[in-house]
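Work through the exercises below with the sequence and the 3D structure at hand. Each task is followed by a solution in steps.

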Amino acid sequence: AGGHNGVADVIAALGTKQFARLRFGIGRPPDGRTITEHVLARFTPDERHQVEGEFDRALELMEAFVGQGIEAAMNQAAAGPRDAVE
């Protein structure tokens, strides 16, 4: 569960840790706050802009996960955003 109570509840309900998960990372606190404070704090304007920019990407990966399976979603995630410039 990695300290995440919601995931711990899912594990308890399913009776197993063996299930596919999609994660949306939050990064580390840049300003010395604890991780708990970071997770529970309101987004700064810059963070809000960054998160909003990731929604479409997250949706694409969720659609791949549901429609094509976890391996396809993982491959798509590893390939990076469709509009990435090399």
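## Exercise 1: Salt bridges in helix α3

Glu60 and Arg57 are three residues apart in helix α3, so about one helical turn separates them. The model is a predicted one.

Task: find how many salt bridges the structure holds, and state which residues form them.

Solution.

Step 1. The structure holds two salt bridges.

Step 2. One of them joins the side chains of Glu60 and Arg57, at 3.8 Å from N to O. A salt bridge needs the nitrogen and the carboxyl oxygen within 4 Å.

Step 3. Glu52 forms a salt bridge with Arg48, and here the closest N and O atoms are 3.8 Å apart.

Step 4. Look at the spacing in sequence. Glu52 and Arg48 are four residues apart in helix α3 (residues 45-68), so they are separated by about one helical turn. An α-helix has 3.6 residues a turn, so residues three or four places apart point the same way.

Step 5. Add the accessibility of each partner. Glu52 has a relative accessible area of 43% and is partly exposed, and Arg48 is partly exposed at 46%. Glu60 is partly exposed with 23%, whereas Arg57 counts as buried because its relative accessibility is 12%.

## Exercise 2: A buried charge

Task: which side chain of opposite charge is nearest to Glu47, and how far away is it?

Solution.

Step 1. Locate the residue: Glu47 lies in helix α3.

Step 2. The nearest side chain of opposite charge is that of Arg33, 4.4 Å away. The limit for a salt bridge is 4 Å. Glu47 is buried and has no salt bridge.

Step 3. Look for a polar partner instead. The side chain of Glu47 reaches the backbone nitrogen of Thr44 at 2.8 Å.

Step 4. List the contacts of Glu47, leaving aside neighbours within four places in sequence: Arg33, His38 and Arg42.

Step 5. Place one of these contacts, Arg42. Arg42 is found in the loop between α2 and α3, and it counts as exposed because its relative accessibility is 79%. From Arg42 to Gly25 there are 17 residues in sequence and 16 Å in space, C-alpha to C-alpha.

## Exercise 3: The surroundings of His38

Task: is His38 buried or exposed, and which residues does His38 touch beyond four places in sequence?

Solution.

Step 1. His38 is found in helix α2.

Step 2. With a relative accessibility of 11%, His38 counts as buried, because buried means under 20%.

Step 3. Not counting residues up to four places away in sequence, His38 touches Ile26, Gly27, Arg28, Pro29, Pro30, Arg33 and Glu47.

Step 4. Place two of these residues. Ile26 lies in the loop between α1 (5-14) and α2 (35-40), and Pro30 lies in the loop between α1 and α2. Pro30 counts as exposed, with 67% relative accessibility.

Step 5. Compare distances along the chain and through space. His38 and Leu61 are 23 residues apart in sequence and 25 Å apart in space, C-alpha to C-alpha. For Pro30 and Ala72, the values are 42 residues and 32 Å, C-alpha to C-alpha.

## Exercise 4: Surface and cover

Task: which residues make the nonpolar surface patch, and how many residues of α1 are buried?

Solution.

Step 1. Ile26, Ile35, Val39 and Leu40 make a nonpolar surface patch of about 410 Å².

Step 2. Turn to α1. Among its 10 residues, the count of buried residues is one, and α1 is hardly covered.

Step 3. Check what comes after this helix. Gly15 follows α1 and has a positive phi, near 75 degrees.

Step 4. For a buried residue elsewhere, take Ala58, which is found in helix α3. Ala58 has a relative accessible area of 17% and is buried. Ala58 and Gly3 are 55 residues apart in sequence and 22 Å apart in space, C-alpha to C-alpha.

Conventions. Residues numbered from 1 in each chain as written. Predicted model: local features only at pLDDT ≥ 70, side-chain atom pairs only at ≥ 80, totals over all residues. Heavy atoms only, no water. Patch = residues over 30% accessible without salt bridge, like charges linked within 9 Å, V, L, I, M, F, W, Y side chains within 5 Å. Areas by Shrake-Rupley, 256 points an atom, 1.4 Å probe, with all protein chains shown as cover. Helix = DSSP H or I, 4+ residues; strand = E, 2+ residues; numbered from the N terminus. Buried < 20%, exposed > 50% of the residue type's maximum accessible area, 1.4 Å probe, protein only. Lys, Arg positive; Asp, Glu negative; His and termini not counted. Polar contact = N/O pair within 3.5 Å; in protein donor to acceptor, adjacent residues only side chain to side chain. Contact = heavy atoms within 4.5 Å.
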